[in-house]
Amino acid sequence: MKRKFGDRANWRRITRRHFACRYVETREFSGYITLYTIYGLKEPLWKSYGRHTYRIADKGYSWLQYFPKDGNYIVTAMFDERQNIVQWYIDTCKVQGVTDQGVPWFDDLYLDVVVLWNGEVFLLDEDELEEALEREDITDSDYQLAWSTANAILRAIDAHAFPYFSLSLKHRAELFHHGEFRRK
C-alpha cells in the first residue's frame, strides 16, 4: 500500500509549485482542503480515458483536494490554467491522517473513480487492486473496503448526490478569489 501526501513533495515532474492547506468544518464539508498550484514543470501530464486523452497537469493548473473527516476516499478536482474543471479523481483509501507539519496524507487502496468535465465516469485500477491482494500488500478487509467505497461513490454519482462536483466549483470560486488560498 502506498502512502500519498497532499503536498506531492516527491513529484519530480514539478519544478515550481505552491501548496496551501486548511481545515474546514461546515455543514457541507468537514476535513482538510488543499490547493496544489503548478507554476513550473518538466513536461505536462496526459491521461487517456476511453478514446480521448486529457492534459491533467501543466503550468497554471491547480488541484483542489478534499480529505473528508473519517472518509475512505480523497477527491481531487483538477482545474486547467483558465480555471475550468478538467476532471475529478477519487482515490479510495484505507486511512488518512496529517503529518506533524500539517500535510494531509492517505493510504491508497488502488481503486479509483474518474469523472471527466463532460460527465463521463470511469472506474480505474481494478487490476492493481487484485494484484495487491494476491501479493498480500492488502488484506481481504482492505479489498472489500476499496470495493464498497468505490461502489458507494458510483451510486452517489448516478443518483446526482455526490456533493464534490458542485462543492469544488464553489470552493474554487470562493476560496481562490476571496483570498483564503492566495499566496501570502
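Glu28 and Lys170 are joined by a salt bridge in which the closest N and O atoms are 2.8 Å apart, a salt bridge being a side-chain nitrogen of Lys or Arg within 4 Å of a carboxyl oxygen of Asp or Glu. This contact links distant parts of the chain, 142 residues apart, with Glu28 in the loop between strand E2 (14-25) and strand E3 (30-41) and Lys170 in helix H3 (residues 164-177). Helices (H or I, at least four residues) and strands (E, at least two) are DSSP runs, numbered from the N terminus. Both partners are classed as partly exposed, Glu28 because its relative accessible area is 38% and Lys170 because its relative accessible area is 30%; buried means under 20% relative accessible area, exposed over 50%, and partly exposed in between (1.4 Å probe, protein chains only).

The model is predicted, so that local features need pLDDT of at least 70 and side-chain atom pairs count only at pLDDT 80 or more, whereas totals for chains, interfaces and linings use all residues. Residues are numbered from 1 along each chain as its sequence is written, and side-chain values use heavy atoms, with hydrogens and water left out.

In total, the structure holds eight salt bridges. One of them is formed by the side chains of Asp108 and Lys4, with an N to O distance of 3.0 Å. This pair, too, links distant parts of the chain, since Asp108 belongs to strand E9 (residues 104-116) and Lys4 to strand E1 (residues 3-5), 104 residues apart. Asp108 counts as buried because its relative accessibility is 6%, whereas Lys4, with a relative accessible area of 29%, is partly exposed. The side chains of Asp58 and Arg55 also meet in a salt bridge, at 2.7 Å from N to O. Within this pair, Asp58 is buried, its relative accessible area being 13%, while Arg55 is partly exposed at 29% relative accessibility. In addition, a network of salt bridges links Asp80, Glu81 and Arg82.

Negative charge also appears at the surface, where Glu126, Asp127, Glu128, Glu130, Glu131 and Glu134 form a negative patch. Patches are made of residues with over 30% relative accessible area and no salt bridge, like charges being joined within 9 Å and nonpolar side chains (Val, Leu, Ile, Met, Phe, Trp, Tyr) within 5 Å. For this purpose Lys and Arg count as positive and Asp and Glu as negative, His and the chain ends not being counted. One member of the patch, Glu130, lies in helix H1 (residues 126-134) and counts as partly exposed, because its relative accessibility is 30%.

The UniProt record, an unreviewed entry, carries the annotation "domain: DUF402" for residues 60-161; such annotations may be inferred rather than shown by experiment, and their positions are given in the numbering used here, with feature names shortened. The span of residues 60-161 is 27% helix and 44% strand, and its end C-alpha atoms lie 30 Å apart.

Backbone geometry was examined next. Most residues other than glycine have a negative phi, and most peptide bonds are trans. Asp70, by contrast, has a positive phi near 65° although it is a residue other than glycine, and it is found in the loop between strand E6 (62-68) and strand E7 (73-79). Asp70 is classed as exposed because its relative accessible area is 72%. Gln83, likewise not a glycine, has a positive phi of about 70° and is found in the loop between E7 and strand E8 (85-98); with a relative accessible area of 37%, Gln83 is partly exposed.

Several C-alpha separations relate positions along the chain to their placement in space. Val24, which is placed in strand E2 and counts as buried at 16% relative accessibility, is 45 residues from Lys69 in sequence and 9.7 Å from it in space, C-alpha to C-alpha. Lys59 lies in the loop between strand E5 (52-57) and E6 and is exposed, with a relative accessible area of 57%; the C-alpha atoms of Lys59 and Trp88, 29 residues apart along the chain, are separated by 18 Å. Arg13, in the loop between E1 and E2, is partly exposed with a relative accessible area of 22%, and a distance of 24 Å separates the C-alpha atoms of Arg13 and Arg172, which are 159 residues apart along the chain.

Notes
Areas by Shrake-Rupley, 256 points an atom, 1.4 Å probe, with all protein chains shown as cover. Charge placed at Lys NZ, Arg CZ, Asp CG, Glu CD.
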